[in-house]
Amino acid sequence: MNAGRVTGRVWATQKDASLEGRRLLLVQPTNFRGAATGPEIVALDTVSAGIGDHVMYVSSSEATIPFRPGLTATDATIVGILERVDHVDGSW
Amino acid sequence: MNAGRVTGRVWATQKDASLEGRRLLLVQPTNFRGAATGPEIVALDTVSAGIGDHVMYVSSSEATIPFRPGLTATDATIVGILERVDHVDGSW
Amino acid sequence: MNAGRVTGRVWATQKDASLEGRRLLLVQPTNFRGAATGPEIVALDTVSAGIGDHVMYVSSSEATIPFRPGLTATDATIVGILERVDHVDGSW
Amino acid sequence: MNAGRVTGRVWATQKDASLEGRRLLLVQPTNFRGAATGPEIVALDTVSAGIGDHVMYVSSSEATIPFRPGLTATDATIVGILERVDHVDGSW
Amino acid sequence: MNAGRVTGRVWATQKDASLEGRRLLLVQPTNFRGAATGPEIVALDTVSAGIGDHVMYVSSSEATIPFRPGLTATDATIVGILERVDHVDGSW
């Protein structure tokens, strides 16, 4: 899983039926110290994440797992809100 | 999901049977501010996207989900037309 | 799907049983204007592509779809021969 | 499989149900000589890896295999602790 | 499929049960002219490849196909030993 920070929300009236009723969150991928590592993505949410939350997300086909047995057209899903990092270089 | 802009269409008479009758759209991957992030790809379409539309697309095996239960040989599918982005840095 | 140009063919007598009898084509990944974008790959073929053809191919697990219901150990398969590109910047 | 070094642990009270009760380890991806190759990730663990261990991990949907038949929302799982590398350039 | 050269072997006593009894080969990814293209990986083997062999390998979930119907926690598997490359720029 990779780390990211929720930076917003996107809106799409025309969307695949499997995405109906799901929040589409903007996530800035970061390292575990909070520095940006690449372009923002849109992720689905399983943990009621809010703007500014530091989260971890799964990508690729694993992103569909929290929504099984249905099939949801997502390749990125937030699966946890990061509370604490214990690192050999310290905690934060 | 990643953002992109529809920039064209490609034509292939000889193609895998699972792609017969499907529009093959050229998509320029972008960030959510519209700047290009990599080479164009071909994506299938589930939302009747048109040239110039800002869209979000899924890649990898999730791209096949909107076409199930059949199996379609695609690794990129447009799943939404972006209407509005609410970002911590503003909306657009 | 990504674009590429068929640049050759590779030969492997010792290979996984699921690849027996299949042509192994060298493909130079390109953008849709024909410029190389990364190292060559080996792809399987579903459209009788020949040397020099501009093609589109799927990667990842979608590459196995044209060969179902059997399971074929491939992560790249040519699924179309590009005939024409209609682009907002012109056609070619 | 890629190499990495376990550098810490993260904590997430709110997380996808499939991750309940699983240790979330921070892994620094490295080459097989121990040099960092990219940003840290969070991986699940199947081998009781500890801080500082050199490990190999699988990514993408293969990361779910050690936890089957259940479906676990992970895209990175440690599958071995590296003990020894025999390399054409020497052993370490 | 990508090209690589077998550069060694790694040993892991503690490993996922699905990897028991399988050789873990170090592979240096290369282009089809033999130049390194990225960090070494560990791959499983289906063709009795030896040190120094030029091989092609599949990555991602296709890497599990040669070991079906069982599920093996691998994301890279050697599926052929390269004997000859016929390229528009020559053969080698």
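**Entry 1. Chain D against chain A**

I counted 14 residue pairs in polar contact between chain D and chain A, with both residues of each pair at pLDDT 80 or more. I note here that the model is a predicted one.

I then asked which elements of chain D each supply at least two residues to the side that touches chain A. They are β1 (2-11) and β3 (41-45) of chain D. The greatest contribution to that side comes from β1(D), with five residues. Sorted by class, the side of chain D that touches chain A holds 14 nonpolar, nine polar and five charged residues.

I next looked up the extent of the contact. Chain D brings 28 residues to the contact, and chain A brings 28 residues. The two chains bury about 2,200 Å² between them, and 59% of this area lies on carbon and sulfur atoms. On the side of chain D, I find that D:Trp11, D:Gln14 and D:Asp75 supply 25% of the area buried against chain A, more than any other three residues.

**Entry 2. Charged pair and strand pairing, D to A**

How many salt bridges does the rule find across the interface of chain D and chain A? I record one salt bridge there. D:Glu40 forms a salt bridge with A:Arg33, and the closest N and O atoms are 3.6 Å apart. The rule admits a nitrogen and a carboxyl oxygen within 4 Å, so the 3.6 Å separation of D:Glu40 and A:Arg33 satisfies that cut-off.

I also checked the backbone across this interface. Strand β6 (residues 84-87) of chain A pairs with β1(D) in the antiparallel sense, over four bridges. Within this pairing I located A:Asp86 opposite D:Arg9 of β1(D).

**Entry 3. Chain C against chain E**

I repeated the search for chain C and chain E. Here 28 residues of chain C are in contact with 28 residues of chain E. The buried area is about 2,200 Å², with carbon and sulfur atoms giving 59% of it. Which residues of chain C lose the most area to chain E? They are C:Trp11, C:Gln14 and C:Asp75, which together account for 25% of what that side buries.

For this pair of chains I count one salt bridge. C:Glu40 and E:Arg33 form a salt bridge, their closest N and O atoms being 3.6 Å apart. The polar contacts between chain C and chain E number 14 residue pairs, both residues being at pLDDT 80 or more.

On the side of chain C that touches chain E, β1 (2-11) and β3 (41-45) of chain C are the elements that give two or more residues. I find that β1(C) gives the most to that side, with five residues. By class, the side comprises 14 nonpolar, nine polar and five charged residues.

The strand pairing was looked up as well. β1(C) pairs with strand β6 (residues 84-87) of chain E in the antiparallel sense over four bridges. C:Gly8 stands opposite E:His87 in β6(E).

**Entry 4. Relation between the copies**

I superposed chain C on chain E. A rotation of 72 degrees, with 0.0 Å of shift along its axis, achieves this with an RMSD of 0.0 Å. That is the relation of a five-fold axis. For chain D laid on chain A, I record a turn of 72 degrees, a shift of 0.0 Å along the axis and an RMSD of 0.0 Å.

Why do I say that chain C and chain E meet through different surfaces? Only 7% of the interface residues of chain C are also interface residues in chain E, so the copies meet through different surfaces. I reach the corresponding result for chain D and chain A: only 7% of the interface residues of chain D are also interface residues in chain A, so these copies too meet through different surfaces.

**Entry 5. Backbone geometry in the loop after β4**

Most peptide bonds are trans, and most residues other than glycine have a negative phi. I therefore noted the exceptions below.

The peptide bond from B:Arg68 to B:Pro69 is cis, with omega near 5 degrees. I place B:Pro69 in the loop between β4 (54-59) and β5 (76-81) of chain B. In chain E, the bond from E:Arg68 to E:Pro69 is cis, again with omega near 5 degrees. E:Pro69 lies in the loop between β4 (54-59) and β5 (76-81) of chain E.

Is phi of B:Ser60 positive or negative? It is positive, near 65 degrees, in a residue other than glycine. I find B:Ser60 in the loop between β4 and β5 of chain B.

Terms used. Residues numbered from 1 in each chain as written. Chains lettered and ligands numbered in written order. Predicted model: local features only at pLDDT ≥ 70, side-chain atom pairs only at ≥ 80, totals over all residues. Heavy atoms only, no water. Contact = heavy atoms within 4.5 Å. Buried area = accessible area lost by both parts, 1.4 Å probe. Salt bridge = Lys/Arg side-chain N within 4 Å of Asp/Glu carboxyl O. Polar contact = N/O pair within 3.5 Å; in protein donor to acceptor, adjacent residues only side chain to side chain. Nonpolar A, V, L, I, M, F, W, Y, C, P; charged D, E, K, R; others polar. Pairing = 2+ DSSP bridges. Least-squares fit on C-alpha atoms with pLDDT ≥ 70 in both.
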